[in-house]
There are 2 protein chains.
Amino acid sequence: MRSLPIILFGVGGVGRALLRQIVEQRSFHALQYGLRLELLAVCDSDGAVIEPSDGLDDVLIDEIIAAKEAGRRLAQHPAGGVQNDLYGIVDIAGRAGTVVVDCTATDATVPALLFARDQHYKIVLANKKPLTIDQEVYDRLTSAGVTNGSGMGDNGEGLAPVRQLSHSRWETTVGAGLPVIVTLNRLVSSGDEVKRITGTFSGTLGFVMTGLQEGKPFSAIVREAHRLGYTEPDPRDDLGGVDVARKALILARGLGWQLDLANVEVQGLYPADMDGLTVAEFMDALPRLDDHFQAQVAEAASTGKVLRFAAQVEDGVCRVGPTLVYGESPLGRLSGTDNLVEFTTRWYNPNPLVVQGRGAGTDATAAGVLSDIIELAYTA
Amino acid sequence: MRSLPIILFGVGGVGRALLRQIVEQRSFHALQYGLRLELLAVCDSDGAVIEPSDGLDDVLIDEIIAAKEAGRRLAQHPAGGVQNDLYGIVDIAGRAGTVVVDCTATDATVPALLFARDQHYKIVLANKKPLTIDQEVYDRLTSAGVTNGSGMGDNGEGLAPVRQLSHSRWETTVGAGLPVIVTLNRLVSSGDEVKRITGTFSGTLGFVMTGLQEGKPFSAIVREAHRLGYTEPDPRDDLGGVDVARKALILARGLGWQLDLANVEVQGLYPADMDGLTVAEFMDALPRLDDHFQAQVAEAASTGKVLRFAAQVEDGVCRVGPTLVYGESPLGRLSGTDNLVEFTTRWYNPNPLVVQGRGAGTDATAAGVLSDIIELAYTA
């Protein structure tokens, strides 16, 4: 039996689902993989529960889940304490082989993550933020966008830094548990030439585009999605496309491109002059967009195409927004909230390599995080 | 720069494509990954070229490719020699960190592969045979179907054997370069419950089923496929479904099931009484099957379904043959020669996780083998 020490940042939906799955599957991983999953520390934004010697037991983990679901903070937990410094938690709790798992949605974790890397700990990110700020942070956390020519490498021989597949995984930052990043990394590492990546990475926007294709008015679809809880409280957070832009950036950087979020061309589903409205005003003003989208869908249909809210990574350009695709392509045939990504490469051409399925959900995401953790248990 | 020593069994189409890709991409892997791909030995069925110190240089590799394409044997090559014993080649050429790559299509490699494992070398299989004979051989080569309860493990602690993701990769045995096995392994390692795997794993049979759906007679489709070189010289080698059955077995064993090829229920596309015919007689006799398939397709259509030649792994049963699927499912919408696999699991339900794309071709397969090799460069 081998210990697999874990430090978790973030006890929101995904973090709690991960904790639940760890409790549920401890014996599975012990029996089948000979791995003892040891949770050394669990942190929220200002508190932590730490158990560096043996890890948190199942009872304590269940208590933490219950406390967080009740809206309490770890700083107030009997076994917990205040921490404003994730860096310090990694320093106290970490030991050789530790996997630091970031299930937050903030870039405040970055110093702690970089410290963890410096300690040669491994990193799993469900959090897109650290990978979509500075290129240098992406490079240091993933070692995937690193290309030869700058500074010193991990190989200790004074050579330029190189891509390493041993230190980190970030599968769930794009398409939740779908095998998108592993596919990209495999294509890149084989030397296959990736010519184009096209994909839909928002179930909410998939719902909207499917509704438009069925002839429903844009305003009605958005109101229905809002009512059903498919959108963020402010639907503009989805309709603006910035979350999809972050995913496109992660894909582009995975190809070795050097670019920033500002370089991603984003075309949202509402005009900039609607940014100043309150949510209620925005919902009321939606019908003025109906004709525009109806015309777009009709124009697309007249050429055998359909409209998808897609990310496209091709020819050095990273673009996110309403996109015309052939009705008979995998993306064109997609309906509903599933995510889908097409890789067109030297060897997958003209038919792309396609990965499709549910691209959201706390359980599917947590399961993907757990796969990442287990993969890293076997890297060096 | 780190050495990545490789021993290659098999210089057929995939083996030669791999050699070509290694030559073409040596500098890419050196620059981007800091890995020096060193080919220590290349073996065909009765000869080998060995260069255990520095590995074969590009000129020699090009010569080997040319010689094999001209139909010559490595035993006759000026730099080569006779070998009837791959075991001996591994013994002479191997060193710590060696990846032994099997691109043959024979189970004659098994003793050498098991010896390589005993030496703690790593293994990449494009060859389905070693994984579809004895369960014990599968278990020892992949360490993936190994469940607790029998014998000693690799962990040296006297515990039962456990799944290990460090020693081997066999991605291209199912769906060529498509990320099928990695997806399966990720689902299993996350503890997700895989309820059903359904897939098409033969471009040739995809071509046949698509033709049937378009209303063409079975005999005409098979003759066209034969003429175009889509089938084996004897089309029964495809139509019988045994190759698909091997892939289904590899998927089922990947779930931890203990079963043999004889346990896979195979229903081919021609009756057993046509096994005794010559190829010419078989081609002549094909029209007597036309009505049968026409009726099957019509019956399927009457219930909104279509006929696919699918593998199904579900409820302890592994089945291969003509299968009714909903026209609106990913598999039902598939047309042509692409492979497609659906994983229905606890978290991917009712919509499955889908992987789709070209599932054959020497270059796509060789690229998948190369991805496997690079992944193993980072495992321990």
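## Strand β13 of chain B

In this predicted model, the residues of β13(B) point in two directions: B:Leu353, B:Val355 and B:Gly357 lie on one side, while B:Val354 and B:Gln356 point the other way. Residues on both sides are buried. Burial here requires 20 or more other C-beta atoms within 10 Å of a residue's own. Because 5 of the 5 residues of β13(B), residues 353-357, satisfy this criterion, the strand is largely enclosed by the rest of the structure.

## Pairing of the strand

Within chain B, strand β12 (residues 339-345) pairs with β13(B) in the antiparallel sense, over 5 bridges. In this pairing, B:Val355 of β13(B) is the bridge partner of B:Val341.

Strand β13 of chain A, which also spans residues 353-357, pairs with β13(B) as well. The sense is again antiparallel, with 3 bridges. Here B:Val354 of β13(B) stands opposite A:Gln356. B:Val354 points the other way from B:Val355, the residue bridged to B:Val341.

## Contact between chains A and B

Across the two chains, 54 residues of chain B are in contact with 54 residues of chain A. On the chain B side, the elements that give two or more residues are α1 (13-33), α6 (181-189), α13 (330-333), β13 and α14 (362-376). Of these, α14(B) gives the most, with 8 residues.

By class, the side of chain B that touches chain A comprises 23 nonpolar, 21 polar and 10 charged residues. Strand β13(B) thus appears both among the elements of this side and in the antiparallel pairing with β13 of chain A.

Note on methods:
Residues numbered from 1 in each chain as written. Chains lettered and ligands numbered in written order. Predicted model: local features only at pLDDT ≥ 70, side-chain atom pairs only at ≥ 80, totals over all residues. Buried ≥ 20, exposed ≤ 12 C-beta atoms within 10 Å, placed from the backbone. Helix = DSSP H or I, 4+ residues; strand = E, 2+ residues; numbered from the N terminus. Pairing = 2+ DSSP bridges. Contact = placed C-beta atoms within 7 Å. Nonpolar A, V, L, I, M, F, W, Y, C, P; charged D, E, K, R; others polar.
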